[in-house]
Amino acid sequence: MHLIRMAGPLLVGFLLTAMPANAQTGDPAAESRPRIGLVLGGGGAKGAAHVGVLRVLEDLRIPIHCVAGTSMGALVGGTFASGMAPEQIESNTLAIDWSRTVGSEGRRDRLPINRKLSDRNYTNAIELGFKAGKIRTPGGFLKTQDIEDLIRDLITDARLKRDFDDLPIPFRAVATDMVTGDMVVMRQGDLSVAMRASMAIPGAFSPIVVGDQVLSDGGMTRNIPVDVARDLCADVVIVVWMSSPQPSVEELESALSLVSRSMDVMIETNEKAQLAMLTDRDVEIEVPMGDITAADFERAPEAVELGKQAALRMAASLSRYSLPEDEYLAWQASVGRAPRDASRLAEVRIVGLERVSPGYVKAQLVHSRPGAIVDTEQINEDANRIFALGDFSGVEYHYTGPPGARVLEISPIEKAWGPNFLKFDIGLDGAGNGELQAIVRGEHSRTWMNSRGARWNSILQVGKHSIVRTDFYQPIDSRQRFFVQPIAMLDSRLEDIYFDGNRVARYFLRDIFGKVDLGANIGRVAQLRAGVRTGWIRTKRDTGDLQLPELEQERDSAADVSLVYDTRDNVGLPTRGSLINARYVNAGTWLGGEQKYELIEGVASHTFSLRGNALTLLVGGGKELSGDLPPTRDFRLGGIRSFPGLRPGELRGSEYWLAGGGYLWKLADLLALWDQSLYAGLRLQAGHVRDRRDQVSEGTLYGISGSVSGRTPVGPLRLSLGYVDNDSWQLQFSLGRPIAEGSAIDDVF
């Protein structure tokens with residue numbers, strides 16, 4: 001009997017699915033019931049309210065015959081239309097790590113080690129292109145790969161249905177064609193692409209290009225697509241839209257606030273036109289969002305609850321369209337999604353590439369191999385590995401062939417603004433005495449100059465520490481595990497010289513050299529290099545007493561070996577991960593060298609994440625093993641990064657050690673999704689410099705410092721007050737790109 005009760009609704013569901021919409025059922029009540037279209041409006045993070053509404057519609061047993069959605073409404077609506085139950089949509093929504101999906105969390109973990117190290121001191125993520133004599137910007141400044149992976153994981157095999165009328169519930173997504181300015185109703189193709197196009201906020205997310213159309217967020221033309229649902233199937237429309245308090249006059253006094261408000265006004269205008277089309281039969285569910293904004297993805301649980309409350313307030317109007325329980329169960333059975341099945345891959349193809357080697361891309365695949373049985377989550381992992389290479393604006397994929405012998409086509413989308421890329425950076429350092437030091441840096445990279453992925457980099461940095469550098473990074477094998485890198489560089493620094501804590505001179509230190517490195521990339525976390533360099537060093541006194549010997553263009557030739565191991569989540573104010581940075585240098589008379597010395601230096605640090613706070617412990621040191629270090633190779637301690645409380649380069653010598661730790665308390669999230677937070681910090685350190693240039697022997701120095709620091713759009717911000725037990729106090733400040741202080745400790749803080 002139990003089996004009969006279970007089979008009854010399933011049979012009715014099958015019959016409902018098989019019969020045309022206007023077929024006679026023999027039940028006058030059923031024949032008179034209207035077809036209900038669900039309209040889900042856009043609103044960014046506020047759109048999580050749609051999930052709460054779906055849960056109430058399910059509790060009230062309201063059947064949905066078609067769905068039309070815009071932006072976040074397309075994300076929720078497309079997932080629902082693909083057959084996922086509201087309860088599962090809610091659990092999936094609440095489980096989303098929005099800081100990873102929309103923000104920057106975990107991004108550095110996925111970078112190849114060569115990219116991780118080349119970007120380790122860049123304090124912003126802005127990458128411009130240079131093409132046809134013009135500087136070009138990306139289509140969107142925020143990454144979309146994780147969003148696309150999320151969509152593909154939510155809808156799974158529904159992507160195989162190219163006609164959206166064939167989904168469990170017919171669906172339409174609305175976008176805007178940025179070429180014509182017209183609304184575009186997407187009714188066929190790849191469902192995940194349609195959902196992503198509807199969400200492509202101009203300037204934030206790159207658009208979707210389909211033929212001659214450049215598709216962006218549908219909210220600009222139809223944020224609440226009532227007419228689209230009517231055309232699709234709806235006799236009755238249930239509309240869900242999110243409202244926010246209107247701004248006050250005082251809040252609209254600045255140019256920036258007016259520009260932001262102009263987009264809201266445009267959207268509200270087309271919303272009003274659509275809401276005016278509603279009749280007495282329709283149900284309008286307005287969800288007041290309070291202070292939740294379109295960017296507050298971390299507040300998704302609150303938005304879900306607000307959606308539930310708003311739908312419950314309309315329960316009386318909604319209940320007019322409730323079904324008896326057995327009929328509702330039958331409807332649920334008819335629109336349910338088949339269980340997700342893993343697919344066996346018969347073939348994997350990399351398609352659509354012009355510059356990047358398909359073999360290099362295929363080498364990143366871990367799960368997606370011929371003969372493997374894979375699911376969407378595993379393919380998404382592989383797509384993320386490809387995206388992390390840095391050459392693509394996105395990575396798409398789709399299946400062809402039967403379930404038992406799928407052909408997986410992966411389509412990495414090469415950055416349209418490349419292959420010439422530009423980066424810019426600034427750095428400021430200041431102290432309580434009013435001195436301010438600055439650097440401005442620009443970098444040009446030409447990528448994929450040959451099939452192995454050669455990259456030509458050139459750097460110009462001016463200011464207190466000036467650099468002119470060019471290098472050619474040439475991978476040796478197709479997987480880019482091994483490489484050769486010739487380098488030419490001019491390094492010029494203006495440094496203060498101290499005697500027993502008092503500044504007595506200022507020197508220009510110049511280092512010009514050519515170098516060739518052989519290296520190995522060890523997974524995503526380490527790089528080993530060995531190289532030979534030769535060039536000239538020079539020191540010239542600018543002001544003050546003679547404290548350093550003046551060197552007139554002496555030849556310096558050396559061999560060196562270095563190792564970097566880096567698992568930190570951020571280069572500025574890391575909250576987890578480790579850093580090991582070590583080098584050995586041996587200078588001699590080969591290649592005409594006039595300097596003879598050996599040195600070794602290294603630092604090891606680990607940062608522990610503690611409930612949003614961070615504890616960093618470190619130990620480091622350097623030693624002259626033989627010979628005499630020239631002034632340009634001195635070890636230096638002092639500055640806001642290496643030893644707060646001492647001025648940059650205050651201690652100079654041929655040997656040092658340093659140990660200590662710092663603790664960061666999170667005070668506030670500035671932009672939580674992009675990992676921009678404000679911290680209070682406390683730091684303790686002890687260190688000793690031997691054979692100092694000023695011939696002063698102070699033994700071990702101990703220091704303590706307090707700080708306020710944070711990550712900003714232009715890089716790390718630090719304000720520190722430090723004390724050292726030689727009675728030195730320093731109020732110090734830094735913003736943006738670090739200005740080198742002269743030790744391996746520079747890379748830790």
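This passage describes selected local features of a predicted model: a four-stranded sheet, the surroundings of Asp 471, and several backbone details.

The sheet is open and contains four strands. Their order is β12-β11-β14-β13, and the pairing is mixed. Two strands, β12 (373-374) and β13 (392-400), stand at the edges. Each has a single partner strand, so one side of each is left without a neighbour in the sheet. In general, strands of a sheet pair through backbone hydrogen bonds, in either a parallel or an antiparallel sense. For β13 and β14 the sense is antiparallel, over eight bridges. Within this pairing, Tyr 397 is placed opposite Ile 410 of β14. A helix also meets the sheet. Helix α17, spanning residues 376-387, lies across β12, β13 and β14. Its direction makes an angle of about 150° with β13.

Asp 471 belongs to strand β18, which covers residues 465-475. Is Asp 471 buried or exposed? Its relative accessibility is 5%, and because buried means under 20%, Asp 471 counts as buried. The side chain of Asp 471 takes part in polar contacts with two other side chains, those of Arg 469 and Gln 485. The contact with Arg 469 is 3.2 Å. The contact with Gln 485 is 2.8 Å. Gln 485 also appears among the residues in contact with Asp 471 once neighbours within four places in sequence are left aside. The others on that list are Arg 455, Trp 456, Asn 457, Pro 486 and Ile 487.

Three loops carry backbone details. One is the loop between β14 (406-414) and β15 (420-431), where Pro 419 is located. The peptide bond joining Gly 418 and Pro 419 is cis, with omega about 10°.

The loop between α3 (49-59) and β2 (66-70) holds Arg 61. Phi of Arg 61 is near 60°, a positive value in a residue other than glycine. Arg 61 has a relative accessible area of 32% and is partly exposed.

Asp 500 sits in the loop between β19 (482-499) and β20 (502-522). Phi is positive here too, near 55°, and Asp 500 is likewise not a glycine. At 42% relative accessibility, Asp 500 counts as partly exposed.

Technical notes. Residues numbered from 1 in each chain as written. Predicted model: local features only at pLDDT ≥ 70, side-chain atom pairs only at ≥ 80, totals over all residues. Heavy atoms only, no water. Buried < 20%, exposed > 50% of the residue type's maximum accessible area, 1.4 Å probe, protein only. Polar contact = N/O pair within 3.5 Å; in protein donor to acceptor, adjacent residues only side chain to side chain. Contact = heavy atoms within 4.5 Å. Pairing = 2+ DSSP bridges. Axes fitted to C-alpha atoms, helices over the stretch in contact; angles between N-to-C directions.
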